[in-house]
Amino acid sequence: FDAHSYHQFPNYHEMESAYMRFLSKDIGKTSATEQKGDSYLVKEIQKVRDNIKSSLESNGSWNERMEKLEAIVKEMSLRVNELEVQIQRLGQILPSESLKGAKPIRPVVVKAPPAEGGDDDDIDLFGSEDEGEADKCKQMMAEQNKAAASKKEKPVAKSMIVLDVKPWDDTTNMAEMEKGVRAITADGLLWGTSKLVPLVHGINKLQIACVVEDDKVGTDFLEESIMELEDYVQSVAVASFNKL
C-alpha cells in the first residue's frame, strides 16, 4: 500500500474498521447457526434413543408370539406323523380285505381240433362242467339279438309308377275318367300328378303317376281296378316303373 493508493482511497482507515466490524457480525451469525444445528442434532439423537427404548420394551410381546407359533408348528408336525402312520396301516390292511370278496376264477375250457382219423367230437382238456351254463348264455344272447333285430324297422320299399289310360274315343269324358281312376284307393297307394297326352285324331290319353308300397300294391291290382271303369277306359299300360 503506497502513497498513490492512499491518495486514491483517503478513507482507508475507516474502510478497514468497517470491514472488521462486518467480519465480527458474520462470525456472530455463524456461531448462532452452529448453535441451532447442534440443537437439531441433539433432538434427533433423542428421538433415536426413544425409538430404541420402545422397541426394547415391546420385544417381550414379540417373543411371546414367536413361542406360540413354534408350539402350533410342533402340534401340526405331530398330527402329520400320526396321519402317515394311519395311511401305512391302511395300505397293509386293504389288499388283504379286498381279496375276501373276490370271485374264484373258473377254468377256461379249451377245445382241441379233431385228430386225423379220429372222432369228430371236441376234446375238453379241463372237463365239461360249464358247458350247460355256456349253452344257456349262448341261447340268451341269441334271443336278445333276435329281439333287437325285430325291433329295428325295416325300410319300406316303394316305387313310382306312371300309367297310360286310353279312352274309347274322342267323346269320352276325360275328367270323369280321371275322377274314377283317383277314386281307386288302397293301403300303400298314393296318386300323384296327371296330364292329357295327345294320341291321334283329337283323342287324348290320361297319363297319371302314383307311388306304391311294393309289398302292398302291384301293377296287376292297378290295371285290373282301372279296367273296371268300362264306360271310360279302353286299355291301361305301364309307361314307367321306378324304384324309390
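K216 and E213 are joined by a salt bridge in which the closest N and O atoms lie 3.3 Å apart. K216 also forms a salt bridge with D187, again with 3.3 Å between the closest N and O atoms. That second pair links distant parts of the chain, with K216 in the loop between β5 and α5 (219-227) and D187 in the loop between α4 (174-182) and β4 (189-198), 29 residues apart. The model is predicted, and the structure holds six salt bridges.

**Salt bridges and their surroundings**

- K216 counts as partly exposed because its relative accessibility, 49%, falls between the limits of 20% and 50%.
- D187 has a relative accessibility of 57% and therefore counts as exposed, the cut-off being over 50%.
- The side chains of D214 and K243 meet in a further salt bridge, with an N to O distance of 2.6 Å.
- This pair, too, links distant parts of the chain: D214 belongs to the loop between β5 and α5, K243 belongs to strand β6 (residues 233-243), and 29 residues separate them.
- D214 is partly exposed, at 24% relative accessibility, whereas K243 is exposed, with a relative accessible area of 58%.
- D187, E213 and K216 are joined into one network by salt bridges that share partners.

**Overall architecture**

- The chain contains five helices and six strands.
- Read from the N terminus, the order of these elements is α-α-β-β-α-β-α-β-β-α-β.
- The chain has 244 residues, of which 13% count as buried.
- Its accessible surface comes to about 20,500 Å², and carbon and sulfur atoms account for 56% of that area.
- Of the contacts between residues at least 6 apart in sequence, 64% join residues at least 24 apart.

**The largest nonpolar core**

- The largest nonpolar core has 18 residues, and L189, W191, L222 and I226 are those with the most contacts inside it.
- At least two residues of this core come from each of β3 (158-167), α4, β4, β5, α5 and β6.
- Strand β5 gives the most to the core, with four residues.
- Leaving aside neighbours within four places in sequence, W191 is in contact with L163, V181, R182, I184, I208, A209, C210, L222 and I226.
- Two of the partners of W191, L222 and I226, are themselves listed with W191 among the core residues with the most contacts inside it.

**K205 and M174**

- K205 is found in strand β5, which spans residues 204-213, and M174 has its place in helix α4.
- K205 is buried because its relative accessible area of 14% is under the 20% limit.
- M174 likewise counts as buried, at 14% relative accessibility.
- The C-alpha atoms of M174 and K205 are separated by 8.2 Å, although the two residues are 31 apart along the chain.
- The side chain of K205 makes a polar contact with the side chain of D164, at 3.1 Å.
- Beyond residues up to four places away in sequence, K205 touches D164, V165, K166, P167, M174, K195, L196, V197 and L199.
- With the same exclusion of residues up to four places away, M174 touches P167, L196, N204, K205 and L206.
- P167 and L196 are therefore touched by both K205 and M174, contact meaning heavy atoms within 4.5 Å.

**The loop residue H201**

- H201 lies in the loop between β4 and β5.
- The phi angle of H201 is near 55°, a positive value in a residue other than glycine.
- H201 is exposed, with a relative accessible area of 76%.

**A nonpolar surface patch**

- W62, M66, L69, I72 and M76 form a nonpolar patch on the surface, and together they have about 530 Å² of accessible area.
- I72, one of the residues of this patch, has its place in helix α2 (residues 12-98).
- I72 is partly exposed, with a relative accessible area of 46%; this value is over the 30% that a residue of a patch needs.

Definitions and conventions:
Residues are numbered from 1 along each chain as its sequence is written. This is a predicted model: local features need pLDDT of at least 70, side-chain atom pairs count only at pLDDT 80 or more; totals for chains, interfaces and linings use all residues. Side-chain values use heavy atoms; hydrogens and water are left out. Buried means under 20% relative accessible area, exposed over 50%, partly exposed in between (1.4 Å probe, protein chains only). A polar contact is a pair of N or O atoms within 3.5 Å; within protein, one must be able to donate a hydrogen and the other to accept it, and residues adjacent in sequence count only if both atoms are side-chain atoms. Patches are made of residues with over 30% relative accessible area and no salt bridge: like charges are joined within 9 Å, nonpolar side chains (Val, Leu, Ile, Met, Phe, Trp, Tyr) within 5 Å. Accessible areas come from the Shrake-Rupley method with a 1.4 Å probe; for residues, only the protein chains shown count as cover. A salt bridge is a side-chain nitrogen of Lys or Arg within 4 Å of a carboxyl oxygen of Asp or Glu. A nonpolar core is a set of buried Ala, Val, Leu, Ile, Met, Phe, Trp, Tyr and Cys residues joined through side-chain atoms within 4.5 Å.
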